[in-house]
Amino acid sequence: MATKNLSNILKELSEAEAQEEEIVSLDNIPETLSLLPLREVVIFPGLMAPLGVGRESSIQLVNESTQSGNRIIGVACMRDPSVEAPGLEDIYPMGVAVGIRMMAQTPDGIRLIVQGLRRFRILEALQTTPYLKVRVELLEEMPAAAEDMVEIEALKRSLGQMFSRIAQLSQELPDEMQNMPANVQDPGMLTDLIAAQVPRLSFQERQDVLETLPLKERMHKLLPLITREMQVLELGSKLQSEVAQEMGKTQREYYLREHMRQIQKELGEGDERTQEIDELRTRIAEAGMTEEARKEAGRELDRLSRMNPAAPDYNVARTYLDWMVAMPWKKCTDDNLDIQDVKRVLDEDHYGLDKVKDRILEYLSVRRFKKDGTVRQPILCFAGPPGVGKTSLGRSISRALGRKFIRISLGGVHDEAEIRGHRRTYIGALPGQIIQGIKRAESNNPVFMMDEVDKVHADFRGDPSSALLEVLDPEQNSTFRDHYLDVPYDLSNVLFVTTANVLDSIIPPLRDRMEIIEIAGYTEEEKIAIAATHLVPKQTEEHGITGRISFAEDALQAIVRGYTREAGVRSLEREIANVCRKATRAFAEGREEPIEVTTALVEEYLGAPRYENEEALERVTRPGVSTGLVWTQVGGDIIFVEATAMPSPANRSSQLTLTGQLGDVMRESAQAALSWVRAHAAELGAPVDFYDRNDIHIHVPAGAIPKDGPSAGIAMTTALASLFTGRLARPLLAMTGEITLSGKVLPIGGVKEKVLGARRAGIKTVLLPEKNSKDLMEDLPESIRSEMTFHFVKDVSEALALALEPTSQPAAQGGGGASRKHRRPSSPLPDALTNPPGPAMH
């Protein structure tokens, strides 16, 4: 059953009315109606609609109704159109009484034109065979309330405007339907007419509108339905317009291109596209690609030559070929093999850092003698605190070798595609940072620096650290395959240099592939030399006062000691820049004579020194306090361990309290220290029952900073021994070392950083484990070793003999003793302790 357009319906209706004398009246609708089930068709009151009747029972219904002179029947939509013999339960309970206005016999059934008269609700079935006959309740149109008339008028206008737009856009409605809403004044009639005529509404949606009797609710129900249809039609119209425009443009370009090709053919010239393909083919041949890469590029070029330039994949293929021919497959720079010249350049750029410089010179020495075959490039990892020159050292290496320099920062990288690239199937795909860097360098043997390799993290997008395993493996990186290029690229000629602050966060397989060179913090002498050689000239040039200001050596020393406390030189450079700004202002205000920066001028420009050495003296003025050494990511430093005793309640045993955000390892060190001191209380001269009578509290200040590690064991033991015996710890003495329950002092790491931190804090004497003596000799210069006193101990008893002052009160007063401010200044170490059983260095 199909709905004809309104023009045909009106034409047939006028012809039928001219021949039909009987007028169907609303007053003649009986309460008992023969019911004609409809498939996916909903008739509305007052509207004309064509119907096709083909079911045998339905044909009989129509014939008997017309022969009896009763041309009014009931129609209702079926719930399921696939039911062949519908019963009352298969039909919606609300339908419309219609009058048959025209009927015609056809070979496949009967064609009717009916007019909707009034809604009805089915009450009961009076007959089921051969067709349904039902008793109905006729439903009246519910009048709208007076207060709703304004809203109904607004809804009527909205529905009318949208239907006119639908009629304009839809191919299924005639153009004259655009003016229909203006010719229908009754809101209810307009609502039913629009619900019947709007295409693409489902029969369920039309039935829902039919069953809604209140006019305002019916209009509200219809409004979103036609809004949706209008939006769909507008979108379809827009798409058709764009497609037509694009097709027109494509056809026009095709015709013009064909004409141009014919003209160029007549003139004996090649077209632009042919020239482009030939140029790409020449560049591929000259690029020096590997066999596999050349085959892949040729295959992509053949595909490009057969592709329409307007095709979406054309730019993808062209971009890929541009990357392939731009890669430096065979281009390289010649290394500077003059060892003395390379050493001179490295020394110009950086002070100290002998380990790194020696490694580069060793590599060049091998290159100088091994001229044939492949020379394995070192994979270096510079590990150390911030500000020691790791990143700038990579740039200096590239300048010394005469190679191009590429740097990428891996800090915060989470996506594996940043290393390996995206596959070409993705929109906007690009190679990874490795291939992009090689292309920018225009050389296949640059110095490639990967900054902050310890700050790479994995998430749902992959693990960049795992992707780096192939890049930083000399056995594998000769066939590195980027996802975008999808061909092997040789990275074996690249000198990879990575930097890291800590090594613990680097996955072990990646750490194993790199040659780690630890760069510790600078000594005070090194900082002064760096400032005089590099930082001062740099800052004076940046401030435009070169030649007008000079720094005395004692002024640089004052800045290093009083205004910075770091492993590197970044804060030192900032303070020098601060002095230069003050001097620049003085010149801007009219000063003519040059400025020589002295210690007094430093204090005038920078204020009072921020770091003093009094803390190392003041903190150990009472029993129970010792000075330890710690390693941090920014260098070494001193730390104080404080222990105190409180009488324990009689109703419970004594307990140990640990505070200061200590980690599990450090807590265990405190337990071991307490156990050793309790076991040797008599030997130390402390009351044997001291712990039984007192609760012990150990606190490590800077409580907001987490701390962990075993190297504070000897400092904790010293603090407890000082508390138990009442003996003060010696001033300006610090210690580090792990202890065991048997009293052994075990070696620790970070010796250079810890010693430099102690020196910055004004410490004069340092206790170290005996097995760390080789680290001190290797890592620290003679100037520092001669300036400070070092004792190497292998037993806790030796350490306590060196760390604690001699007892001045009876042992029975353990835990007592006067504070240092009430006693005479401490005497130096007695002769018997200057050369303890373990080796010592002064």
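Guide: A residue is buried when its relative accessible area is under 20%, exposed when over 50%, and partly exposed in between, with a 1.4 Å probe and protein chains only; by this rule, buried residues make up 48% of the 842 residues in the chain. The model is predicted, so local features need pLDDT of at least 70 and side-chain atom pairs count only at pLDDT 80 or more, while totals for chains, interfaces and linings use all residues. Residues are numbered from 1 along each chain as its sequence is written, and side-chain values use heavy atoms, with hydrogens and water left out.

Visitor: Why does Thr 498 count as buried or exposed?

Guide: Thr 498, which lies in strand S12 (residues 495-500), has 0% relative accessibility and therefore counts as buried. Leaving aside residues up to four places away in sequence, Thr 498 touches Leu 380, Cys 381, Phe 382, Met 450, Val 453, Leu 472 and Met 514, where contact means heavy atoms within 4.5 Å.

Visitor: What makes helix H27 mostly covered?

Guide: In H27, which spans residues 751-760, 10 of its 10 residues are buried. Charged side chains are not left out of that count, since Lys 752, Glu 753, Lys 754, Arg 759 and Arg 760 are among the buried residues, with Asp, Glu, Lys and Arg counted as charged. After H27 comes Gly 762, with a positive phi near 90°.

Visitor: What is the angle between H23 and H26, and how is it classed?

Guide: Helix H23 (residues 664-679) and helix H26 (residues 713-725) pack at an angle of about 40°, their axes 9 Å apart. That angle makes H23 oblique to H26, because angles under 35 degrees are roughly parallel, over 145 roughly antiparallel, 65 to 115 roughly perpendicular, and the rest oblique. The crossing of H23 and H26 is right-handed.

Visitor: Which residues make this contact, and how do they divide by polarity?

Guide: The contributors from H23 include Met 666, Ala 670, Leu 674 and Trp 676, and those from H26 include Met 716, Leu 720 and Phe 724. The residues of the contact divide into 10 nonpolar, 3 polar and 1 charged.

Visitor: How do you know which residues Thr 66 touches?

Guide: Thr 66, in helix H2 (residues 56-67), touches Arg 71, Ile 100 and Met 103, not counting residues up to four places away in sequence. Thr 66 and Met 103 are 37 residues apart in sequence, yet 9.2 Å apart from C-alpha to C-alpha.

Visitor: How many helices and strands are there in the chain?

Guide: The chain has 31 helices and 25 strands, these being DSSP runs of at least four residues (H or I) and at least two (E), numbered from the N terminus.

Notes
Axes fitted to C-alpha atoms, helices over the stretch in contact; angles between N-to-C directions. Left-handed = near helix turned anticlockwise from the far one by under 90°.
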